[in-house]
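User: I'd like to learn how to read cavities and helix packing in a model. Could you walk me through it?

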Amino acid sequence: MNLQLSLRASGLVTALGYNAPSTLAALRAGISGVRTQAWADLEGGEPYRCARVDLPQRWGGVALLADLLSPAIHECLQGGGAGGLAEIPLLVGVSHPSRPGRAAQIEAQLLAAVAERLETRLHPDSRTFAAGQAGCAQALAHARELIAGGRASHVLVAGVDSYIDRETLRAYDRQRRLLCTGNSNGFLPGEAGAAVLVSSHVAGAAEPYVASGGQAVEAAIIESNSPLRGQGLAQAVRQALSSAGATMGDMAFRLSDLSGEHYKFKEALLVAMRLDRGERAQPLPMWHPIEHLGEVGAAILPCLLAWAGHAMREGYAPGVRALCHVGSDTGERAALVVRAA
């Protein structure tokens, strides 16, 4: 069964703002949160350009992630009016264990740190999904199972990540994956906490909703020497479109995790060439918030859903259907179709 999920509320903590309204207004206006960071790149000695959240106190590791995520969760719960974390499972996407500079105890410590900051206990079905950008897609699929199985009426799907760490920056700089001196084929590091509250969609309800999803695995990952054909992402998009009873031609716009690296631009182009074969009156717009937020890793999918939902509610979306797609460095690919009410 393809259970459709209403997007009831969202919460965001980003370099553009400490809540969803400020972040989404800045994204709509095209404002950038990217600034220079004191650490210098290895080739030219120029400061890295990063999208850093200015927190009142700044810790590292799991403590930083909990500080980014907790306010986003609180905002989401306040806006959704569905109860607290004791009644609502919290499913959190986090970075993959292979990520350079990753905090070692995320899975063991993050949820407890969030519960401590929010002064609450967690629902027993709360858990993390360590798959980078695709982690929250796995969390959404699990949310469908929890709601369809009657274990919860609402689920909070969240993501949190930070690339602004000396070890992480150095590692990606050595791999020539950062946008910095002498390298135009790279991403801008960022950090964020993001959350969306979902429930079973009811026909006639006012909220935008996730109509369908698809997941697949890409063999030609960014660090491999295999030629990229975009087969994994194309498979995930096909699944999502098929489950929604739609085609690429029905999509009014796309939202993605394009980050500035040529790899993802090429992948997105290959998917469009394969699946968007009909004639269009207008080109298919591509919204990519990482241009303004920096690379936010596991937090990107809730951010895309929040932006799509906001655009549909506020009337500035190009149409009533949107395709969201993301991909992790380790090969996981995911796509979602979002519909306006």
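**Cavities, helix pairs and a loop residue**

Analyst: Gladly! Let's begin with enclosed space: the largest cavity in this predicted model has a volume of about 50 Å³. The search covered the whole structure and found three cavities of 30 Å³ or more.

User: Which residues line the largest cavity?

Analyst: The lining consists of Gln133, Tyr163, Tyr172, Arg177, Phe187, Ser259, Glu261, Lys264, Glu295 and Asp329. Sorting a lining by class is a handy next step. Here five residues are charged, three are nonpolar and two are polar.

User: Now helix packing. At what angle do helix 2 and helix 3 pack?

Analyst: Start with the angle and the distance between axes. Helix 2, residues 61–80, packs on helix 3, residues 106–118, at an angle of about 50°, and their axes are 9 Å apart. The two helices are therefore oblique to each other. As for handedness, helix 2 passes helix 3 in a right-handed crossing.

User: Which residues make that contact?

Analyst: Helix 2 brings Val62, Ala63, Leu65, Ala66, Asp67, Leu69, Ser70, Ile73 and His74, while helix 3 offers Ile106, Gln109, Leu110, Ala113, Val114, Arg117 and Leu118. By class, the contact of helix 2 with helix 3 holds 11 nonpolar, three polar and two charged residues.

User: How are helix 6 and helix 7 arranged?

Analyst: The reading goes the same way. Helix 6 (residues 231–244) and helix 7 (residues 262–275) have axes 9 Å apart and pack at about 50°, so helix 6 and helix 7 are oblique to each other. Their crossing is right-handed. From helix 6, the contact uses Gln231, Leu233, Ala234, Val237 and Arg238; from helix 7, it uses Glu267, Val271, Arg274 and Leu275. Of the residues in this contact of helix 6 with helix 7, five are nonpolar, three charged and one polar.

User: And what is the angle between helix 1 and helix 9?

Analyst: Helix 1 (residues 20–29) meets helix 9 (residues 300–314) at about 75°, with the axes 11 Å apart. Angles of 65 to 115 degrees count as roughly perpendicular, so helix 1 is roughly perpendicular to helix 9. Leu24, Leu27 and Arg28 of helix 1 touch Cys303, Ala306, Trp307 and His310 of helix 9. Five of the residues in the contact of helix 1 with helix 9 are nonpolar, with one polar and one charged.

User: Let's try a single residue. Where is Glu207 found?

Analyst: For one residue, look at its element and then its contacts. Glu207 sits in the loop between strand 7 (191–200) and strand 8 (209–217).

User: Which residues is Glu207 in contact with, leaving aside its neighbours within four places in sequence?

Analyst: Glu207 contacts Ser6, Leu7, Arg8, His201 and Ala341. You can also compare sequence and space for a chosen pair: Glu207 and Leu110 are 97 residues apart in sequence, and their C-alpha atoms are 30 Å apart.

Terms used. Residues are numbered from 1 along each chain as its sequence is written. This is a predicted model: local features need pLDDT of at least 70, side-chain atom pairs count only at pLDDT 80 or more; totals for chains, interfaces and linings use all residues. Side-chain values use heavy atoms; hydrogens and water are left out. On a 1 Å grid over the protein atoms alone, a cavity is a set of points where a 1.4 Å probe fits but cannot get out, and a pocket is an open set with protein on both sides within 12 Å along at least five of seven lines; lining residues have an atom within 4 Å of a point. Grid points are joined across faces, edges and corners, and a volume is the space filled by probe spheres set on the points. Ala, Val, Leu, Ile, Met, Phe, Trp, Tyr, Cys and Pro count as nonpolar, Asp, Glu, Lys and Arg as charged, and the others, Gly among them, as polar. Axes are lines fitted to C-alpha atoms, for helices over the stretch in contact, and angles run from 0 to 180 degrees between N-to-C directions. Helices (H or I, at least four residues) and strands (E, at least two) are DSSP runs, numbered from the N terminus. Angles under 35 degrees count as roughly parallel, over 145 as roughly antiparallel, 65 to 115 as roughly perpendicular and the rest as oblique. A crossing is left-handed if the near helix is turned anticlockwise from the far one by less than a right angle, and right-handed if clockwise. Contact means heavy atoms within 4.5 Å.
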